[in-house]
Amino acid sequence: MARPSTAPLLRRRALGAALMSTALCRVARARPRQSTGKLAVGTSFETSFHLIDSGHQGPTVMIVAGIHGNELAPPQAARLLLGEPLAKGRTLVVPEASRPALAAKSRYAPASRYPDLNRNFPTSQRSAPRGVMAPALWDKTKSLGPDWVLDLHEGWGFSASSKSMGSSVVAAVDPRVEAKVLPMAESVLAAANRTVTSRPRRFTMIRPGPSGSFARATVEHLAIPSLVLETTWVQPLQRRLDQQLLMVRTVLRALGMLPSP
Ligand SMILES: [Zn+2]
């Protein structure tokens, strides 16, 4: 009996490969989709959030900046992150969490009953956030259910050589998320310290962070891993931006959300 021709099979394979290659091209060409929304609508704290969706399944990372208005690099870094070419997953970015504080260039929101936004989140004594913006940010965090929260801040000095929390990675302590938080904090620390040659300016790890802070509350009350990424504002703005972006990208890369360098 004559052997059946393999030509139709080969043609089908070639067609399959061509279709696959077209599909891959479509995947490679997919652009992240960005949508925006508002928090604390109708209040003096009203601010925008930006959802950047790669269009491919993956982790969700919430990135918050501008909780303190005298820390100028984080909101700028957050805005730069809106253009990040995500390979998978999505980010939700809040560049200006406390607009009244940012307008006043002050740590505190003027004329606010609870002026330090980063002390208004749930604590061991208080199960609900207080004030205007903390409840809005908290509700958004709960409805989004991110895999990670990153909160960008700055301090007046270097944590390695002063009482400031500047130039540090702050990680809350909770056994439910420890296996994720600790190795990620160490990776970020190592990356940040590759940019530092002076020992008193090295990044350190601080734990668990202040009670009532956003990042500590997400760990302790929602069991969502979080890190506070802190630079030091006495340094040139560009250096602080570079360090903020490096730290965030270290996390996104570890989660497989950025293309390989
Ligand atoms: Zn701060």
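In this predicted model, helix α6 contributes six buried residues: Phe-214, Ala-215, Arg-216, Ala-217, Thr-218 and Val-219. These buried residues pack against β3, α4, β5 and β8. An α-helix has 3.6 residues a turn, so residues three or four places apart point the same way. Following α6 comes Ala-223, which has a positive phi, near 55°.

**Aromatic pairs**

The structure contains two aromatic pairs. A pair of aromatic rings is described by the distance of the centres and the angle of the planes. The table lists both values for each pair.

| Pair | Centre to centre | Angle between planes | Arrangement |
|---|---|---|---|
| Phe-121 and Trp-138 | 6.1 Å | 50° | tilted |
| Phe-121 and Phe-214 | 5.0 Å | 50° | tilted |

Where do the partners Phe-121 and Trp-138 lie in the chain? Phe-121 is in the loop between α3 (99–103) and α4 (133–144), while Trp-138 is in helix α4, 17 residues apart from it. Both Phe-121 and Trp-138 are buried. In the other pair, Phe-214 belongs to helix α6 (residues 214–222) and Phe-121 to the loop between α3 and α4, so this pair ties together parts that are 93 residues apart in sequence. Phe-121 and Phe-214 are both buried. Through these ring pairs, Phe-121, Trp-138 and Phe-214 are linked into a cluster.

**Nonpolar cores**

In soluble globular proteins, nonpolar side chains tend to be buried together. The largest nonpolar core of this structure has 38 residues, and the members that touch the most others are Val-61, Ile-63, Leu-150, Val-169, Leu-227, Leu-229 and Val-248. At least two residues of this core come from each of β3, α2, β5, α5 (178–193), β8 (226–232) and α7 (237–254). Which residues does Val-248 contact, leaving aside its neighbours within four places in sequence? The contacts of Val-248 are Ile-63, Leu-81, Leu-150, Leu-152 and Leu-229. Apart from the largest core lies another, of 24 residues, including Phe-45, Ala-134, Trp-138 and Ala-217. Trp-138 is thus a member of this other core and also of the aromatic cluster.

**The zinc site**

The zinc ion has protein donors from His-68 (ND1), Glu-71 (OE), Glu-71 (OE) and His-153 (ND1), at 2.1 to 2.4 Å from the ion. Along the chain, these donors follow the spacing H-x2-E-x81-H. Glu-71 and His-153 link distant parts of the chain, being 82 residues apart: Glu-71 is in the loop between β3 (60–64) and α2 (73–81), and His-153 is in strand β5 (residues 148–155).

Why is the arrangement around the zinc ion called irregular? The angles subtended by the four donor atoms run from 56 to 143°, whereas a tetrahedral arrangement would require all angles to lie between 85 and 135 degrees. Ideal angles at a metal are 109.5 degrees for four tetrahedral donors.

Are Glu-71 and His-153 buried or exposed? Glu-71 has a relative accessible area of 3%, so Glu-71 is buried. His-153, with a relative accessible area of 2%, is likewise buried.

**Confidence of the model**

The average pLDDT of the chain is 91, and 88% of the residues score at least 70. Confidence is highest in β3, at 99, and lowest in helix α1 (residues 7–29), at a mean of 45. Over residues 6–10 the pLDDT stays under 50, and the model has zero contacts for them beyond four places in sequence. Residues 14–29 also have a pLDDT below 50, and this stretch has one contact in the model beyond near neighbours in sequence.

Key
Residues numbered from 1 in each chain as written. Predicted model: local features only at pLDDT ≥ 70, side-chain atom pairs only at ≥ 80, totals over all residues. Heavy atoms only, no water. Donors = N, O, S within 2.8 Å, 3.2 Å for Na, K, Ca; no water. Tetrahedral: all angles 85-135°; square planar, octahedral: opposite > 155°, others 65-115°. Helix = DSSP H or I, 4+ residues; strand = E, 2+ residues; numbered from the N terminus. Buried < 20%, exposed > 50% of the residue type's maximum accessible area, 1.4 Å probe, protein only. Phe/Tyr/Trp six-rings, centres within 6.5 Å; stacked < 30°, edge-to-face > 60°. Core = buried A, V, L, I, M, F, W, Y, C linked by side-chain atoms within 4.5 Å. Contact = heavy atoms within 4.5 Å. pLDDT = per-residue confidence, 0-100.
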